[in-house]
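Hi everyone, thanks for coming. I'd like to walk you through one model today, so let's put it up on the screen.

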Amino acid sequence: MTVTIYDVAREAKVSMATVSRVVNGNPNVKPATRDRVNEVIKRLNYRPNAVARGLASKKTTTVGVIIPDISNIYYSELARGLEDIATMYKYQTIISNSDNDPFKEREIFNNLLSKQVDGIIFLGGTLSNETAELIQTSSVPVVVSGTQDNDSALPAVNIDYHSASREITEKLLKDGARQFAFVGGGYSEKARHDVLSGMTEVLKDNGITFNDDAVYVGSEQYLDGEKAFAQLQGLKPDAILCISDEQAIGLVHAAQDAGLNIPDDLQIVSFNNTRLVQMVRPKLSSVMQPLYDIGAVGMRLLTKFMNDEEIEDKQVVLPYHIDYRGTTK
């Protein structure tokens, strides 16, 4: 049977308002009364209802987190940084998996609002135009971390994918690559666009025509990397830029199964920087994103909005570096 605030008040012989003041840390309670109420709360194992408390304080200290694929290690590493900062600022999180489905994403968003959350953070993924419009009318602050909407209107934390892509392409060209391909995922449309544009700009500057057929877009999973290689191998690429670590590892293994040498015949660079890059042989060259920090800074930015703190820049771009390992020359 659920213990209510009424049960605590009756047992402690005080009003429900007094119990509420004790629970919410209001100093206007006599020490002896506070001790008696706390003793009853402990004995009855009373757990205050966050939504009910929120009706009085207008805050539930609860944050909604929407993740496109909770099984993907990239998003779990972002979530770790977010959770640590949420705990530091005494917020609870409600984590929901959207499967990168725009309809499900909007359902989750509205459900979180109905639970009186104080803020919502989108952790990676691609925001549909419909979801972005819904956010614009939201009654609570919203931050996107590890992703971005197409017009960059929302508060966001990310890296500069475009610059990273240009830097990688220039390095691969210097090392002899001439036939490029790109593998992207549906979870990261904005990142996909930025990487592809950065790569094609550098190729154009160097007089190299990029084959539009050398683009594969699918999920961000290992088996999808194998499918990408099957589609691209007829073009005989000698360099592939790949958004997802899982996809990139699938590419490496498929190329090896086809008799190619990595990196002599084919160089591969990914953009996720999960711990998977160290587990494949040869080790995967990758853009070293500060994944923990992307999640943590996103949550900190959201706390600033929720607490009406001063915000200097709503668009936070974190530094990156590129670690060239065994899948590049």
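**Two sheets and what packs around them**

Let me start with one pairing: V144 has A156 in β5 as its bridge partner. Before I go on, a word on the source: this is a predicted model, where local features need pLDDT of at least 70 and side-chain atom pairs count only at pLDDT 80 or more, while totals for chains, interfaces and linings use all residues. Residues are numbered from 1 along each chain as its sequence is written, and side-chain values use heavy atoms, with hydrogens and water left out.

When I say helix or strand, I mean DSSP runs numbered from the N terminus, H or I of at least four residues for helices and E of at least two for strands. Two strands pair if DSSP finds at least two bridges between them.

Back to that pairing. Strand β5 (residues 156-158) runs parallel to β4, and two bridges join them. Both belong to an open sheet of six strands, in the order β2-β1-β3-β4-β5-β11, with parallel pairing. At its edges are β2 (92-97) and β11 (315-317), each pairing on one side only. From one strand to the next, the twist averages 15 degrees; axes here are lines fitted to C-alpha atoms, for helices over the stretch in contact, and angles run from 0 to 180 degrees between N-to-C directions.

Now have a look at S145, in strand β4 (residues 142-145). Is S145 buried or exposed? Its relative accessible area is 0%, so S145 is buried; the cut-offs are under 20% for buried and over 50% for exposed, with partly exposed in between (1.4 Å probe, protein chains only). A polar atom of the S145 side chain lies 2.5 Å from the backbone oxygen of I294. Not counting residues up to four places away in sequence, S145 touches, among others, F122, V157 and G298, where contact means heavy atoms within 4.5 Å.

F122 has a partner of its own. The structure holds three aromatic pairs. In one of them, the rings of F109 and F122 have centres 6.1 Å apart and planes at 20 degrees, so the pair is stacked. For the criteria: rings of Phe, Tyr and Trp (its six-membered ring) pair with centres within 6.5 Å, and planes under 30 degrees apart are stacked, over 60 edge-to-face, and the rest tilted. F109 and F122 are both buried.

On to the second sheet. It is also open, with six strands in the order β7-β6-β8-β9-β10-β12, and here the pairing is mixed. β7 and β12 (321-323) are at the edges with a single partner strand each, so one side of each has no neighbour in the sheet. The twist averages 20 degrees from one strand to the next.

How many residues of strand β6 (residues 180-185) are buried? Six of the six, so β6 is largely enclosed by the rest of the structure. F180, F182 and G184 cover one side, with A181, V183 and G185 on the other. Four bridges join β6 in parallel to strand β8 (residues 239-242), with F182 opposite L241 and A181 opposite I240. Helix α8 (residues 161-174) packs on this sheet, and its direction makes about 165 degrees with that of β8. Helix α11 (residues 245-257) packs on the sheet too, at about 165 degrees to β9.

That's my tour, so over to you!

Methods
Polar contact = N/O pair within 3.5 Å; in protein donor to acceptor, adjacent residues only side chain to side chain.
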